[in-house]
Amino acid sequence: MARLVIIGAGGVGTVVAHKAACYSKVFTDILLASRTVSKCITIADSVKKKTGVDIKTAAVDAENVKELSALLKDFQADLVINVALPYQDLAIMDACLEAGVHYLDTANYEPKDEAKFEYKWQWAYRERFEKAGLTAILGCGFDPGMTGVYTAYAAKHHFDRIEYLDIVDCNAGDHGKAFATNFNPEINIREVTQKGKYWKDGNWVLTEPHEIHKPLTYPGIGPRESYLIYHEELESLVKNFPTIRQARFWMTFSQEYLTHLRVIQNIGMAGIKPVMYKGMEIIPIQFLKAVLPDPGELGENYKGETSIGCRIRGIKNGKEQTCYIWNNCRHEDAYRETGAQGVSYTTGIPAVIGALMWAQNLWRRPGVYNVEEFDPDPFMSEVARAGLPWNEEFGIELEL
Ligand code: NDP
C-alpha cells in the first residue's frame with residue numbers, strides 16, 4: 001500500500017498514470033502533478049475511463065523545492081515517480097529529502113546550460129538518502145532502465161563474466177511526420193547531437209557525432225543503419241560490471257531524420273545558449289520545441305515497432321558465450337492501451353514496475369542506486385506481464 005506521486009504529464013507520464021492505476025491495490029492513492037494542470041486532468045479522465053481508477057491532479061513547479069515538498073507532505077506521499085524533464089531531477093530529489101519521500105526517475109540530471117550526461121550530480125546524493133533511510137532508483141525507463149536490468153539478468157544467469165556489451169536501440173516506427181522526436185524534442189536533440197563516446201579497456205573513447213555506424217539486423221524488422229552514440233547507462237554499467245572491457249550504445253536513425261538534424265544544427269536551432277530576439281531572450285532549441293510536433297500526440301498514426309536490447313559477449317564455464325536479450329513493442333498496441341506511442345510506453349512501464357519492486361520491498365534500501373544494482377528476477381517476471389515481454393537467444397552471431 002503506497003501513496004504515489006507522478007511528476008510530469010507528458011507522453012511518459014501518460015503511460016505511468018495508466019499503468020500505475022492497474023496496480024491500484026499497491027498504489028492505493030495516486031496524484032499526478034505537473035506544470036500544466038490541464039494536461040494532468042486530461043490524463044486523469046482517460047485513466048478513469050480506461051481503468052475505472054480515480055487519480056488526483058495538481059499544478060506544481062517541480063523546480064521550486066519548497067512548493068513541491070509542501071505538496072508531497074500534504075499528500076503524505078511515499079514515493080515519487082519523476083517523469084518530468086532531467087533538469088528537474090535534483091530539485092525533486094531535494095524535495096523528496098525534505099518531505100521524507102522515496103524517489104524514482106528515468107533520465108539522469110542535466111544542467112540546462114550544458115548538454116552533459118553524467119550521474120555524478122545524482123550519485124552525490126547517496127549519503128543524504130542513506131541517512132534519511134530513503135531509496136532513490138535512478139534511470140528506470142527502457143534505456144536507461146530495462147537495458148540495465150537485462151544486463152544484470154544476463155550477468156546473474158548466463159555469464160561468469162561479461163566482457164562486451166552493446167545496447168541496440170531501433171525505432172522502426174513511422175509517425176507520418178517529416179520530422180518529429182519520440183520524446184521531449186529538447187532533451188532528445190541535445191542527446192543525439194552530442195559527440196559519441198564508448199568504453200574500451202578502462203577508458204572512454206570519444207568520436208565525432210554519428211561518425212561510427214553500421215547496419216544491424218533487428219528481430220522482426222531487418223537491417224537498419226545504427227549509429228554509435230553516448231548514452232547515460234554506459235556510465236553506471238561499466239562501474240557496476242567492472243569485467244566489461246567494451247560497452248557501446250547504438251541507435252537507428254533514418255537518412256531523413258539525420259538530414260533534418262544536420263539542417264537544424266547548421267542554422268543554429270539546436271543552440272542551448274540564449275539569443276536576443278526583438279528585445280527578448282530566447283533559447284533556440286526551446287523555440288524549436290514549440291514548433292515541432294508534440295511527441296505525446298504522435299501515437300494515433302504511429303505504425304511499426306521498436307526493438308531494444310542488449311547484445312552481450314562473455315565467458316561462461318570457461319567458454320565464450322553470446323546472448324541477445326530484447327523486447328519488441330508495437331506503437332499501435334501501445335496507443336490502443338494507453339493513448340501514447342511506443343517510446344513513451346516502453347519508458348513508462350519499467351518506471352511503474354520499478355515502483356512496484358520498491359513497494360514490495362524488493363528494491364528498497366537506503367541510498368541512491370541504478371537499476372542494475374537490484375535483483376533483476378522479480379522485475380523481469382513482472383515487466384513481461386505488464387506489457388514488455390522479452391526474448392533471449394544464445395550462441396548467436398552478434399554482428400558486433
Ligand atoms: P514531455 O516533454 O512529453 O513531458 C515532460 C512533462 O514534464 C511535461 O508535462 C512538462 O510540463 C513537465 N514539466 C516540465 N518542467 C516542469 C516543471 N518545472 N515542473 C513540473 N512539471 C514540469 O517528455 P516525455 O514524457 O517524453 O519524457 C519524460 C521524461 O522521460 C524525460 O526526462 C525523458 O528524458 C525521459 N525519457 C526516458 C527514456 C528512457 O528510456 N529512460 C525514454 C524517453 C524519455 P508541460 O506540459 O507544462 O510542458
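Which helices each supply at least two residues of the shell around the ligand? In this predicted model, these are α1 (11–21) and α13 (342–359). The shell also draws at least three residues from each of domain 1 (2–138) and domain 2 (146–338 + 381–394). Among the 34 residues around the ligand, those that come nearest are G10, R35, A62, G141 and F183, and by character the residues of the shell divide into 15 nonpolar, 14 polar and 5 charged.

Helix α1 also takes part in the arrangement of strands that begins with β1. Strand β1 (residues 2–7) runs parallel to strand β2 (residues 27–34), to which it is joined by 6 bridges, and within this pairing A2 has F27 as its bridge partner. Between the two strands the chain passes through α1, forming a β-α-β crossover that is right-handed. Strand β1 is joined in addition to strand β4 (residues 79–82) by 4 bridges, again in a parallel arrangement, with L4 standing opposite L79.

An antiparallel pairing is found between strand β8 (residues 196–200) and strand β9 (residues 203–207), which are joined by 5 bridges. Here K200 stands opposite N203, and the hairpin leaves 2 residues between the strands, where D201 takes a positive phi near 45 degrees.

Helix α7 (residues 146–157) has 12 residues, which at 1.5 Å a residue should span 16 Å, and this agrees with the separation of 16 Å between its end C-alpha atoms. Because 10 of the 12 residues of α7 are buried, the helix is largely enclosed by the rest of the structure; the buried residues include M146, Y150, Y153 and A155. In the loop between β6 (135–138) and α7 lies P144, which is joined to D143 by a cis peptide bond with an omega of about 10 degrees.

Further backbone features are best read against the general pattern, in which most residues other than glycine have a negative phi and most peptide bonds are trans. K278, in the loop between β13 (275–277) and β14 (280–282), has a positive phi near 50 degrees although the residue is not a glycine. K278 counts as exposed because it has 5 C-beta neighbours inside 10 Å, where 12 or fewer is the limit for that class. N317, in the loop between β15 (305–316) and β16 (319–330), likewise has a positive phi, of about 50 degrees, without being a glycine. With 7 other C-beta atoms within 10 Å, N317 is exposed.

Key:
Residues numbered from 1 in each chain as written. Predicted model: local features only at pLDDT ≥ 70, side-chain atom pairs only at ≥ 80, totals over all residues. Pairing = 2+ DSSP bridges. Expected span 1.5 Å × (residues − 1). Buried ≥ 20, exposed ≤ 12 C-beta atoms within 10 Å, placed from the backbone. Near = placed C-beta within 6 Å. Nonpolar A, V, L, I, M, F, W, Y, C, P; charged D, E, K, R; others polar. Domains from an automatic or database assignment. Right-handed = clockwise from strand over helix to strand, strands pointing away.
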